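Good morning, and thank you for coming. I would like to introduce a structure that is new to this group. Please look at the screen.

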Amino acid sequence: MKILIIGATGMAGSAITAAALANGHTVTALSRSAEKLAQLPDHTNLTRMAKDAFSLTATDLAAVDVVVDAMATPPAQAYLHVDLATKLVAEVRTKTSPRLVFILGAGSLHTGADHHLLVEDIAADPANAGFLAIPQNQLKELTFLQTVDNVDWVGISPAADFHAGPATTALTGTDDLLVNAAGQSVTTAGTMAQAVLAEIEQPAHHQMRFTVANAD
């Protein structure tokens with residue numbers, strides 16, 4: 001498949017790029033930084049695109065089968081998560097391709113005996129004030145996507161602790177925060193990448209969000 005990866009030089013995006021190339025897909029890696037794109041390993045199936053995601057055109061999107069939105073933002077610009085999702089959806093409304101894959105946050109997952117949102121726990125700790133806007137806006141992004149019924153989209157949320165690392169055996173769920181047998185709620189970028197590739201190659205979720213975590 002032809003896959004466009006937005007934020008391809010970031011933690012999640014670079015892992016997804018590597019996994020997609022390893023699985024034989026043709027990848028267009030998009031980043032605003034040509035310098036960061038140059039650091040991606042050379043591969044015959046890799047095209048680097050130094051471009052702002054908001055400059056993508058309908059023609060750019062029509063050239064690929066799947067778009068993966070792995071964009072990261074600083075907290076002060078967290079609203080861009082919603083804006084980019086809105087743009088991508090608007091460009092492909094009523095079209096059958098490309099499929100849109102969004103890497104979402106864990107804040108929109110449910111947790112606890114009362115099934116509250118994890119973002120409420122994040123907001124309750126003053127130490128998190130500096131980055132709180134990110135999970136809040138990723139929740140808004142999911143809320144927007146859940147209104148979209150004429151685009152083939154899927155969202156994927158990591159566990160509470162999302163960091164760089166290799167793939168492990170995965171746990172999957174739908175809307176509840178996942179915790180492994182050791183009581184840890186962790187997703188490594190490698191595990192996320194494998195979940196993204198599995199969903200791209202064998203679509204199992206449409207117009208919904210699911211979640212993935214490390215089993216060990």
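I shall speak about one strand, then one helix beside it, and finally one residue in another helix. Please bear in mind that this is a predicted model.

I begin with strand β8, which covers residues 153–157. How many residues of this strand are buried? The count is 5 of the 5, so β8 is largely enclosed by the rest of the structure. Trp 153, Gly 155 and Ser 157 point one way from the strand, while Val 154 and Ile 156 point the other way. In a regular strand, side chains alternate between the two faces of the sheet. Here the residues pointing either way are all buried.

Which strands pair with β8? One is β5, residues 99–103, which runs parallel to β8 and is joined to it by 4 bridges. Within this pairing, Leu 100 has Trp 153 as its bridge partner. Another is β12, residues 208–214, also paired with β8 in the parallel sense over 4 bridges. There, Ile 156 is partnered by Phe 210.

I turn now to helix α6, residues 133–145. Its 13 residues, at 1.5 Å a residue, should span 18 Å, and the C-alpha atoms at its ends are indeed 18 Å apart, so the expected and modelled values agree. The buried residues of α6 include Ile 134, Asn 137, Gln 138, Leu 142 and Phe 144. What do the buried residues of this helix pack against? Their partners are β4, α4, β5, α5, β8 and β12; β8, β5 and β12 are the strands we have just met in the pairings.

One residue of α6 deserves a separate word, namely Glu 141. Glu 141 is buried, yet has no salt bridge. Where is the nearest side chain of opposite charge? That side chain belongs to Arg 209, and is 9.7 Å away. Apart from residues up to four places away in sequence, Glu 141 touches Asp 69, His 81, Val 82, Ala 85, Phe 102 and Leu 104.

Finally, I come to Ala 15, in helix α1, residues 11–22. Is Ala 15 buried or exposed? Its relative accessibility is 17%, and because the limit for buried is under 20%, Ala 15 counts as buried. Beyond its neighbours within four places in sequence, Ala 15 is in contact with Ala 189, Gly 190 and Ala 193. Val 64 lies 49 residues from Ala 15 along the chain, and their C-alpha atoms are separated by 19 Å.

Thank you for your attention.

Terms used. Residues are numbered from 1 along each chain as its sequence is written. This is a predicted model: local features need pLDDT of at least 70, side-chain atom pairs count only at pLDDT 80 or more; totals for chains, interfaces and linings use all residues. Side-chain values use heavy atoms; hydrogens and water are left out. Helices (H or I, at least four residues) and strands (E, at least two) are DSSP runs, numbered from the N terminus. Buried means under 20% relative accessible area, exposed over 50%, partly exposed in between (1.4 Å probe, protein chains only). Contact means heavy atoms within 4.5 Å. Two strands pair if DSSP finds at least two bridges between them. Lys and Arg count as positive and Asp and Glu as negative; His and the chain ends are not counted. A salt bridge is a side-chain nitrogen of Lys or Arg within 4 Å of a carboxyl oxygen of Asp or Glu. The expected span of a helix is 1.5 Å times one less than its number of residues.
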